[in-house]
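Please find below my notes on the model you sent round, set out as numbered points. I have kept to how the strands, the chains and a pair of helices are arranged.

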There are 2 protein chains.
Amino acid sequence: MLQVDHFWAVVPAGGAGTRLWPLSRSSSPKFLLDLTGSGRTLIQQTVERLAPLAGERLLVVTGSAHRDAVAGQLPSLDVDSLVVEPSPRDSMAAIGLAAALVERRDPDAVIGSFAADHVIGDDAGFHDAVGRAVAAATDGWLVTIGITPTSPATGFGYVEVGAPLAGHDGVHRASGFVEKPDAARASEYVAGGRHRWNAGMFLARPGVLLDLLAEQDDGFAARLRSIAADPARLTELWDDLPTIAIDHAVAEPAAAAGRVAVLPADLAWDDLGDLDSLARVLGAEGTLRVLGEESSVAVAGATGLVVPASGRVVAVVGLDDVVVVDTPDALLVTSRAQAQRVREIVAGLEEAGHDELR
Amino acid sequence: MLQVDHFWAVVPAGGAGTRLWPLSRSSSPKFLLDLTGSGRTLIQQTVERLAPLAGERLLVVTGSAHRDAVAGQLPSLDVDSLVVEPSPRDSMAAIGLAAALVERRDPDAVIGSFAADHVIGDDAGFHDAVGRAVAAATDGWLVTIGITPTSPATGFGYVEVGAPLAGHDGVHRASGFVEKPDAARASEYVAGGRHRWNAGMFLARPGVLLDLLAEQDDGFAARLRSIAADPARLTELWDDLPTIAIDHAVAEPAAAAGRVAVLPADLAWDDLGDLDSLARVLGAEGTLRVLGEESSVAVAGATGLVVPASGRVVAVVGLDDVVVVDTPDALLVTSRAQAQRVREIVAGLEEAGHDELR
């Protein structure tokens, strides 16, 4: 039996993913899209990856704008498993509310939070890592799964691996978190071998997580517990919650206090943070990958990624590492190396009178 | 008065311009398009450039598929000025038939043939050059206007300038024509200073042109004159005419016989032969040019040419010398350097089941 007793999976489903524009929009964020050509959206894949471990013990936390879409994509999700945020308050409020809800349902619970819009290539490795992380979390640690870096990425934060944790095979103390580094420092991290990517995977007993939060901001934790005790107060209490990521609110101060553990793992993880990342996950090195209908794309001497999503023929000629995303109302042409700059375009759409395309 | 007595302008309007796909198609060839953003199509600009010289003495020769479109774009063209080919027979048949028709209408005529789908930046220089070329043609020469090369182009044929022609200021004997050269030879031509681009501009008395043709193929010339004598025989006689360019049929053998003159000129001419050429004419060096609605294009760090012709927003990010042509049913993304390879795409469309896009 793969199920991990008392393990509750939490899936925060937020963020527009503007760096994947025009594939993702504020109305159709990344987690609602099939970005791997598998026929399943990212949130469907995330939930299906967690189901063998958590069974019915699953909470998806999303914004009111996406409630219907999430429910439609996850028809087996029962109503208690879908937590709807009245407004965006970043990951601490989303995960903290889930923790407060689980704390009341299962006194022996360990929650694990996994973003709805990341990909993991190695499901078996993931299941193994979560099982071991849950064991450490049961002992009171805030545990993060740290991904072995495959490149000196500057788009991720890193976690530094410390001494092994007695009694928990493969688990180490976390020496600390570091913010997104510059290129030189990222290279040092990869060469040094002590740093892992912070993939935003956090596991803890709900009470441990909320108590760590209370040490930083006792009102924040108290309000989350008040909502869990009386969900009718959600609307009243939610809007005053701080907008802050769980990394800053809890993980960094807890690591500084020596209370965070890290499980290094090599899971073929990717956050699909931009179109270059999507191209990499789809295997577009030295060849041209099509996400969508192959017969719509005509190629002569080109490599990169083409997403033909408008029904039209897309011809790409003589360009290496190009990215073409063709949708019914907007077209993006860029290079893999420059793909992150699409944010500049999205920022400019509003002032250009194209707010409907964001 | 700018008009040149007895000068008849002939405008062959043929060729699909597949290297400009998907802007040009077999159903909407290059000459029917506004490719300069002027609000006028190439054939309209060509006719308007010739009107001051030729007045009503104009013949447009086009295929039956394009008769209605040409008549629609040139509403002042009278019915005698529109010559319709039953089938494509290349430029010798088209220009030769015009010559045979003019030969009967005006015994003192000089015809000058100018492609419907080229651009000329210097109208005053063009008018001056045609005036002087007509004078030499009146004296019995087959005259070509040779364009000063601005680069070692390998996509054009060249004409070699010989000794000055007495009595005709600026006009020289043509030593001969050369086919499209390789890059090394093209560089020699530009460095040497004796070679000009063959822009397909030919001027001659109709009788001189047809007699030169008769020296090579007397049946060809005789059939053209038979059609002119009795236009009801066009359908009967046309299909058996050879499919050959005027360069091979007349200009090259006539030059070898010392009967061609060349007027070197510097007219900011371009044949708009491919999308790189179009980008150059539109001034896309080091900047991004938009042919169409500027407000439809969003740019971040890109140079080249964008043609937004689908009504959608086109975003181009971080690419130099890119070419994006966005039409309602087909999209092309390429680089200026590789733009000629679009022919590979067009060739592949038929076998890919997209014949309607050619």
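1. In strand 17 of chain B, B:Leu332 is the bridge partner of B:Val325. The two strands concerned, strand 16 (residues 322–326) and strand 17 (residues 330–335) of chain B, pair in the antiparallel sense over five bridges, where pairing requires that DSSP finds at least two bridges between two strands. Strands are DSSP runs of E with at least two residues and helices are runs of H or I with at least four, numbered from the N terminus.

2. This is a predicted model, in which local features need pLDDT of at least 70 and side-chain atom pairs count only at pLDDT 80 or more, whereas totals for chains, interfaces and linings use all residues. Residues are numbered from 1 along each chain as its sequence is written, and chains are lettered from A and ligands numbered from 1 in the order in which they are written.

3. Strand 17 of chain B also pairs with strand 15 of chain A, here in the parallel sense and again over five bridges, and A:Val313 stands opposite B:Ala330 of that strand. The resulting open sheet has six strands in the order 13(A)-15(A)-17(B)-16(B)-14(B)-12(B), with mixed pairing. Strand 13 (297–300) of chain A and strand 12 (288–290) of chain B stand at the edges with a single partner strand each, so one side of each is left without a neighbour in the sheet. On average, neighbouring strands of this sheet are turned by 10° against each other, direction ignored.

4. Helix 11 (residues 342–351) of chain B lies across strand 13 and strand 15 (313–317) of chain A together with strand 17 of chain B, and runs at about 135° to strand 13 of chain A. Such angles run from 0 to 180 degrees between N-to-C directions, with axes fitted to C-alpha atoms, for helices over the stretch in contact.

5. The contact between the chains takes 31 residues from chain A and 32 residues from chain B, contact meaning C-beta atoms, placed from the backbone, within 7 Å. On the side of chain A that touches chain B, the largest share, six residues, comes from strand 17 of chain A.

6. Within chain A, helix 1 (residues 42–54) and helix 4 (residues 123–138) pack at an angle of about 45°, with their axes 10 Å apart. The contact is made by A:Arg49, A:Pro52 and A:Leu53 of helix 1 and by A:Asp123, A:Phe126, A:His127 and A:Val130 of helix 4.

Definitions and conventions: Two residues are in contact if their C-beta atoms, placed from the backbone, lie within 7 Å.
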